[in-house]
Amino acid sequence: MALQAAALRDATPPRAVSAGAGRHGAAALGPLRGQRSGDSRKRGGTPVTDCDLLIVNAGLATMAGGQACGAILDGALVISDGRIAWVGARKDLPPALRAHEELDGRGGWLTPGLIDCHTHIVYAGNRAREFERRLAGASYEDIAREGGGIQATVRATRAASEEQLLRESEPRLKRLLDEGVTTVEIKSGYGLDIADELKLLRVARRLGAGNGVDVQTTLLAAHAVPPEYAGRAADYVSLVCEEIVPAAARERLADAVDAFCERIGFSPDQTRRVFSAAHAAGLRVKLHADQLSDSGGAALAAEFGALSADHLEHANDAGIAAMASAHTVAVLLPGAFYCLRETRLPPVAALRKNGVAMAIATDCNPGTSPVTSLLLMLNMACTLFRLTPEEALAGVTRHAAQALGLTDRGLLEAGARADLVLWDIDEPVELAYAVGANPLAGIVRGGRVVRWA
Ligand SMILES: [Zn+2]
């Protein structure tokens, strides 16, 4: 997985290649390289002569295995009907292709659209004052026990209308989109009753529809015990299992179910009840696991075939081995680690050794990770957790898709959704190297050109 940066540096940089002219001709193309047999429109390699969009004069960080980000220097990429139809070196591009539109990558690099696979972006208010308190010595757990933390956001969020939540949350989403995010997961978890949890999920869906971005929603009703259930956590878990999970599934508002398994959250047994209810409702699960202590969360997530186990700073070896067997993705959240000034690192070496896929996300939330920069998370994953730049980039593309159970994106390959980003960089490692830079130069979402500077 190590980034073979030298290989990229030593090769002729794509910037040296001039843009190709429009291509017109009558001859048919042969079968498209890497074409999926399941693509009915081109099943069996039926020759294709037309496409909607051709992008040339860019390096391609395909993330499709191999090494060096699956890089193709001086690449070409063909899009039809919202899907990538062909990926390869420009010299291999059949000259007869008729493209409705052709774009010049100007020697930059194309990557898959970025995927932020763990956010709590919909909430009201902010917790800047708690930031001050933590600086003065209070811990996250101190603040939670005093009714601050999640509970403070729950009060503000319950009091907010859908419109207000939309208004307050949209700027956070737009900051992610400005950095090339094309798919984002949004969790509920600040409503903690049936009406307000569903309200959050509806706002998340509306944010996606209104901003042309694919939003995956996750029900996190088991985020904290609401004040009206203080001392009656088991009763609240019953409400979650018997009413909130079934309602979210029935109204098709949730794509997955999550829980906060922690000393200040829910016990492993309570988490099991929530996960059983999720499975009964036909929903996959994810877990906030082993962030502050070893609760056996990694193994519990694996036991339920979770899409991902997230945080994992205190995960044990048996849990990591179980995650590997269950193909559960480890979602690492360096923003929360940084903001909480944690010192216990997630077990990256053990995750690598066991072949557990690692994703990276912002964990955008008002208390422990008020982060709206996925590019900054790439740098922090490398600087704080010692991921390689290639691992970090896979963590916001291929592995982030896997953490959401999405098999149609995260790679530049034929058949994938045409979500891609053009970067004004000389090599992919720059995306993880620079702090505070945003070299975004173009966005294509679902085959539609959203931006091309
Ligand atoms: Zn979280």
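## The eight-stranded sheet

Let's start with the open sheet of 8 strands, which are joined by parallel pairing in the order β6-β7-β8-β9-β10-β11-β12-β13. Please keep in mind that this is a predicted model. At the edges of the sheet sit β6 (114–116) and β13 (358–360), each of which pairs on one side only. From one strand to the next, the twist averages 25°.

You can follow the pairing residue by residue in two places. At one edge, β6 and β7 (residues 181–187) run in the parallel sense and share 3 bridges, with D116 standing opposite V184 of β7. Further along, β8 and β9 also run parallel and are joined by 3 bridges; here L219 faces V257 in β9.

## Strand β9 and its cover

How many of the residues of β9 are buried? The count is 6 of 6, so to speak a strand that is mostly covered. A256, D258 and F260 point to one side of β9, while V257, A259 and C261 point to the other, and all of them are buried. V257, the residue opposite L219, is thus found among the buried residues of β9.

Helix α8 packs on this sheet, where it touches β8 (214–222), β9 (256–261) and β10 (284–289). The direction of α8 makes about 175° with that of β9.

## Helices α7 and α8

Helix α8 (residues 268–280) also has a helical partner, α7 (residues 233–250): their axes are 9 Å apart and the packing angle is about 10°. An angle under 35 degrees counts as roughly parallel, and α7 and α8 are therefore roughly parallel to each other. On the α7 side, the contact is made by A233, V237, V240, C241 and V245, and on the α8 side by Q270, R273, V274, A277 and A278. By type, the residues of this contact divide into 8 nonpolar, 1 polar and 1 charged.

## Helices α6 and α7

Helix α7 packs against α6 (residues 194–211) as well, this time at an angle of about 30° with the axes 10 Å apart. These two helices are therefore also roughly parallel to each other, and their crossing is right-handed. Which residues meet in this contact? From α6 come I194, E197, L198 and L201, and from α7 come E243, I244, A247 and A248. The residues of the α6 contact with α7 divide into 6 nonpolar, no polar and 2 charged.

## Strand β14 and its two partners

Now for a strand with antiparallel neighbours. Strand β14 (residues 420–423) is joined to β5 (residues 109–112) by 4 bridges, and the two run antiparallel. Another 4 bridges join β14 to β15 (residues 440–445), again antiparallel. Looking at single residues, L110 has L422 of β14 as its bridge partner, whereas L420 is bridged to V444 in β15.

Are the side-pointing residues of β14 buried or exposed? L420 and L422 point one way and V421 and W423 the other way, and all are buried.

## The protein as a whole

Stepping back, the secondary structure of the protein comes to 16 helices and 16 strands. Of the 453 residues, 55% are buried. Contacts reaching across the sequence are well represented too: among those between residues at least 6 apart, 72% join residues at least 24 apart.

How values were computed
Residues numbered from 1 in each chain as written. Predicted model: local features only at pLDDT ≥ 70, side-chain atom pairs only at ≥ 80, totals over all residues. Buried ≥ 20, exposed ≤ 12 C-beta atoms within 10 Å, placed from the backbone. Contact = placed C-beta atoms within 7 Å. Axes fitted to C-alpha atoms, helices over the stretch in contact; angles between N-to-C directions. Parallel < 35°, antiparallel > 145°, perpendicular 65-115°, else oblique. Nonpolar A, V, L, I, M, F, W, Y, C, P; charged D, E, K, R; others polar. Pairing = 2+ DSSP bridges. Left-handed = near helix turned anticlockwise from the far one by under 90°.
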